[in-house]
Amino acid sequence: MFALRALRRLLPALAGLVLASAAHANTYEVKLPPELSTSPKMCDYAPCTEVMPGATSFSERKGQPPFVEAYKDDGSQKKLLGYVMLSTDITDTPAYSGKPVVTLIGMDTTGKFVGVKILKHSEPILLLGIPESSLIKFNNQYLGKFVGDNIEIGKSRPDENLIGLDAITGATVTVISQNQVMMTSGTAVAKQVGILKPVIRPQAKFPPATTIPSWAELVEDGSVQRLTVKPEEVGLKGDGPYMDLWFGYLNQPTVGQAILGKDGYASLMSRLKEGEHAIFIIKPAGMDSFKGSGFVRGGIYDRVQVRQDKDSFTFRDLDYVNLWSVSATGAPAFSESAIFIIRGKGFSAAYPWKLVFLGNKIDKETATKTFANFDKEYWLADKYLEGGRPVVVKPDPTWLKVWKERAFEIAGFIVFLLAISAAYASRDKLVRRANRQRRWPVNAFKYTGWVISIGFVGFSAMAQPSITQVLTWFHSLLFQWKWELFLSDPLIFVFWVFIIVTVFIWGRGFFCGWLCPFGSLSELLFRLGRLVGLKRFQFQLPKPLHDKLKWVKYVVFFGLLAVSFFSMGLAEKLAEVEPFKTTFLVGITNRSWPYSLFAAGLLGLSIFIERPFCKYLCPLGASLAMPTTFRWFGLKRKDECTSCKACAKGCGSQAIDAKGNIDQRECMLCLDCMVLYYDDHACPPLAQERKRRTKAGQPLTPINGKGYFIPIHQVPAEAQKKGATA
Amino acid sequence: MSIEDIKHDDASPVPARRRFLNSAALAGLAGAGLSVGLSACKQEAAAPAAGAPAAAPAAHGAGEYGKYEVPPGQLDEYYSFSSGGHSGEVRIYGMPSGRLFKRIPVFNMDCLVGWGITNESKAIIGTKPDGSLKYHTGDTHHVHQSYVDGMYDGKYMFVNDKIHGRLARIRMDTMETDKITELPNVQGFHGTFPDKRDPVDEKINHTTRVFCGSEFSIPLPNDGNDMNDPTKYHSLFTCVDSESMEVRWQVLIDGNCDLVATSFDGKLAATNQYNTEMGAHYQDMMSSERDACLFFNVARIEEAVKAGKTKTYGSSKVPVVDGTKAANQDPKTALTCYVPIPKNPHGVNASPDGKYFVCSGKLSPTASVIQLDLVLKWFDGDLKDPRDAVVGEPEIGLGPLHTGFDNKGNAYTTLFLDSQIVKWNVEAAIQSFKGDKNAKVVLDRVDVQYQPGHGFTSMGETKAPDGKYFLSDNKFSKDRFLPVGPLHPETAQLIDISGDKMKVVADHAVYSEPHDSIIVKRELIKTRQVYNLDDFPNAIKDPKESGVERKGNKVTVKMVSQAPAFSLPEFTVKKGDEVTIILTNLDKVEDLTHGFAIPKYDINFIVNPQETKSVTFKADKPGVYWCYCTNFCHALHLEMRSRMIVEK
């Protein structure tokens, strides 16, 4: 325990040393006052005036989701200037770090953004590498833009009414999520204050009720839906659900009468004016109330909401009607119930909608509450709607948009990966065509792979895989797996799927040796160095030293993994041991000197030592090396390899030990040893045989799959006979 | 030994009841197979209980009665609207829990809400020329709601004041009294019932009239003449318009009126009469063997009123038609029909199938079943004797008073003297009356504690009773509750009538003195959550309108309340001013009610969300008076004050 605590104290100190000269991050993981998210007087804790120039006073939080009104004292009159909102009050969209970027947003009364301020972010990329100012610059693009416009990352497309924003190179995921935060927050408030008019959807028409279904039948056809929240999803422990709600739409005569009974349905409908809708909620189980007690004082139910597309409908106390009981047979017993009346314009039961449970997640470490909501979609079945369900075009999720936009790039990348794989899969043919002096049949493919990897994958698409992704997975597997997060960077996603598959087929050497942009760059520099005559300065570390140092990368990996459990942020910082960010994402000249020096030093060293980073430091390589143990196809070996050291000498990876075994975890699959394997002038056992046969005047039969000349057997006739009768 | 075998003559019922109450005799009776009021399981439980008297029944009880309790977070299945007797109010309970939700001040004063204090409530109650209340007392007996198609429509509830002869209407959306009408020339206005549809116009299938009986006969007009000649005393039967609450007409009758019932077809109203003798002293009132149930032909009465066959009494302009026997000899033109009923009957109740009225005997151990189409036949001249309309008259026990009905054709009658509820079958009673000796009339009896007055079933006064509960409003509680001094609460006992056997499942203590109630399914009641600002012509809709306006010595103080403040932190008036304070509660949040009290000026009232109320008083005491919010509203409730400064 003590050790852990000490480590916890020590690590930030270490990180501090490491980052002593790094640019100062203003809002990275800063501690925000807890009242910021909870106090009615939000602007006492947030610099509201900075996002609402000219404002002199602010209201308390109002609305659901909440916002504040900004006023200017104009003599005796108070003039409404606009609205200020805190992004985390409205959406929990995570950024690259998996945590939200806490943003304070100002919007004037016409719906134009007038101020954006980051209060807190957890983005490592903005801590190291990309200056935070670039995000501020990004945010400033919103100023003056109307919340109702179609604003996306990328180029403007006037014909599609699309306003484009310049992304931050190397922080695409962050800005995509930031755009979502800005537009969701702005829209949520603009809708509430009437800047954006609700979408008027055509109202549903219902066929009359014929037979009244049971509860089981309602569940079956989706007329009642269940929204369950587990305790761990809100940072609590406990058996059973934190919140277990069943809900449904009551205006539909069949569903309504099944739930309320005939009289109850008639009574409820007589309360509703045209365009008003009733839903019911019951809570068969759960640790908390879905009503809370906020509505008692403030009149607003702050835990449940209905959303239809971008319109949200909140309930106040006057929208509540008692639900006495559920008359459908087989309905679960419940401890809490409600009928809520949706009075907002635009809601239509013909279209899908969601019940949203607005929860709070309690952070285990800091006990601070963060906003977390949970929703469940509801759409009346075809048979309950006259004419069936209307066709609904759902907007693509953000990640899908990205995939569609980059379809060509993604397709090209996949083709590239498959082509290189195909080449490697036919390595046996390629190595047979090559020999000691003439290695181009293999290298042509490998070098092509390197060049494309460095140029296209690395520098252009910035799809260099990183150990931070591995760490993120570990955390996602343990806590919450969000596909959206991983899918938001398509090339990285595709690359990782490919890497995981190939690691188990061929081992990590295929990615590391053939496709890793940095590894490729590193070895390419080594080859170029040799080409320009630096060969005499090129060297390998003595084998005993190498065998010790190669373990360092594992230590680095496990170190990072361990640190990540204490602080993902710190682990991300320490992951700067990878020069990838400096090399590809940011540019070696764009970073502060310690980073540039580190990356340049490694690349410089690469000219003289083959892949020094890959061999000794790379935590990503280490993480892939371990599963490589379970690869399906290794490289071929001969019995003589145990004593013959010919390959080992030429092995650039120093992966062949004294007994001739290839350490597949270290092997870069350069295939040099495989070229020798079939080369009857280079492979000693093969050369010996060649010489013997030549001397003995025996023919040189073709070399078989095991790397030997096909043996010449004298077949005795007797044996042949025996074989025939057997 | 079957139930019918327990004959009830004048002497037997008391020992019979004692037998039931006597646990020592219980085991022996159980052996004899007598199961009246006792389920088989109870008998089994009772026998070993002799050794361990307390523990076993208690353990047995928890599970057995659990389903009649309402756990936290759950809601009652029914409303029970109950009169408050001489408290002058109406009460709302939840059933089956018996929890008291609200007391609606009607004829009484209530300093919590300011009923009888605010100008608005005074205007409803009625004032003397000097602005003070005309009456401070009232005696509510009967509560009934308005109908649509034989079912409660949740619009109005009507309740009588027996002391001063007034009818009050409660609007069901706010559950507050909105009109009070004083009936002319009557005393002892006891029974009342709204009609259920129009007797002539088929389309009017809802309540438009309320009928009111007068129990005490008086000289007409009661202005000091004929005071010592009881033969000149009369009772009037009154019809009030349910919308305007104006008195439409009255009927002069022989005898008096007790309870009132109306038919589902709207054609008939009836009142039972216990004093056809017109005696002034009680021994005179009991002299006849038969009194009557008096039927009114509503359509004919209204024709007569239209035809001007009316007179008026005293200063009243209400047309009065003659419903006496002498004036209604020919059935074909008669306005009234006197159906003879044994000895001082009490209670007349309409069966849910619309066919019968049941009149209880009170001093006779019988209940009389009157077939309504036979009464109409009499009015057509096709039935010789009104008594022939009585089609059943079972002996059911001693002191039968009021009858409720279930959905299986059974009647439940309170037996005051027997202190029992008796369950009997209406059709069987009719068969038995015809001479069928095998007809099984009485089905079950259950003891209640003690001496039931009114009793009623859930939804029993509609065309669709549900046969789930019977509530027995007992007149005495004696030992049933923790003692609270000489004045005891009454016992309202809930009886589960859904099975073959009735089962007392709860004792609810109620403050004196409920007479009658109705048990209404919760989904039929639709209330408002807050008021509508526009409902009040004097509403102060904007805090900016707050201030003090003076016209001579008449001062109007306009104020709004918004938690936690009144819009005027102080206001100044002069000694001798007539001050009117108008207060609008601008809070919109449900349940956010404010109070307004002025020390030493005897003023307190509440304003509900979006409601406006006013008070007028003479500022006769100079000084500083801290007006404060009396109804808890906010964390800063204590700070919610205003200073009234009365200058010398």
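Helices are DSSP runs of H or I with at least four residues, strands are E runs with at least two, and both are numbered from the N terminus. The model is predicted.

**Exercise 1. Compare the span of H7 in chain A with the expected span, and state how far H7(A) is covered.**

Step 1. Helix H7 of chain A covers residues 172-193, which is 22 residues.
Step 2. The expected span is 1.5 Å times one less than the number of residues. For H7(A) the expected value is 32 Å, and the distance from the first C-alpha to the last is close to this, at 32 Å.
Step 3. A residue is buried if 20 or more other C-beta atoms lie within 10 Å of its own. In H7(A), 18 of the 22 residues are buried, so the helix is mostly covered. For chain A as a whole, buried residues make up 41% of 726 residues.
Step 4. Just after H7(A) comes A:Gly194, with a positive phi of about 90 degrees.

**Exercise 2. Describe how H21 and H26 of chain A pack, and place A:Tyr554 in that contact.**

Step 1. Two packed helices are described by the angle between their axes and the distance between the axes. The axes of H21(A) and H26(A), the latter spanning residues 619-628, come within 8 Å and cross at roughly 95 degrees.
Step 2. Angles of 65 to 115 degrees count as roughly perpendicular. H21(A) and H26(A) are therefore roughly perpendicular to each other.
Step 3. H21(A) contributes A:Lys553, A:Tyr554, A:Val556, A:Phe557 and A:Leu560 to the contact, while H26(A) contributes A:Pro619, A:Gly621, A:Ala622 and A:Ser623. By class, six residues of this contact are nonpolar, two polar and one charged.
Step 4. A:Tyr554 is in H21(A), residues 552-566. The C-alpha atoms of A:Tyr554 and A:Ala622 are 5.3 Å apart, although 68 residues separate them along the chain.
Step 5. Is A:Tyr554 buried, exposed or partly exposed? A:Tyr554 counts as partly exposed because 16 C-beta neighbours lie inside 10 Å, and partly exposed is the class between 20 or more and 12 or fewer.

**Exercise 3. Give the strand order and the edges of the chain B sheet that contains E1.**

Step 1. The sheet is open, has four strands in the order E3-E2-E1-E30, and is antiparallel in its pairing.
Step 2. E3 (100-105) and E30 (517-521) of chain B each pair on one side only, and are the edge strands.
Step 3. Direction ignored, neighbouring strands are turned by 20 degrees against each other on average.
Step 4. Within this sheet, E1 (residues 78-83) and E2 (residues 89-95) of chain B are joined by six bridges in the antiparallel sense. B:Ser80 has B:Tyr93 in E2(B) as its bridge partner.

**Exercise 4. Assign the residues of E34 in chain B to a covered and an uncovered face.**

Step 1. In a regular strand the side chains alternate between the two faces of the sheet.
Step 2. In E34(B), residues 570-574, the covered face holds B:Phe571 and B:Val573, and the uncovered face holds B:Glu570, B:Thr572 and B:Lys574.
Step 3. E34(B) runs parallel to E40 (residues 641-647) of chain B, with five bridges between them. B:Val573, on the covered face, has B:Val646 as its bridge partner in E40(B).

**Exercise 5. Characterise the side of chain A that touches chain B.**

Step 1. The contact takes 13 residues from chain A and 12 from chain B.
Step 2. H9 (253-271) and H10 (294-298) of chain A each supply at least two residues to the chain A side. H9(A) gives the most, with four residues.
Step 3. By class, this side has three nonpolar, six polar and four charged residues.

Technical notes: Residues are numbered from 1 along each chain as its sequence is written. Chains are lettered from A and ligands numbered from 1 in the order in which they are written. This is a predicted model: local features need pLDDT of at least 70, side-chain atom pairs count only at pLDDT 80 or more; totals for chains, interfaces and linings use all residues. Two residues are in contact if their C-beta atoms, placed from the backbone, lie within 7 Å. Ala, Val, Leu, Ile, Met, Phe, Trp, Tyr, Cys and Pro count as nonpolar, Asp, Glu, Lys and Arg as charged, and the others, Gly among them, as polar. Two strands pair if DSSP finds at least two bridges between them. Axes are lines fitted to C-alpha atoms, for helices over the stretch in contact, and angles run from 0 to 180 degrees between N-to-C directions. Angles under 35 degrees count as roughly parallel, over 145 as roughly antiparallel, 65 to 115 as roughly perpendicular and the rest as oblique.
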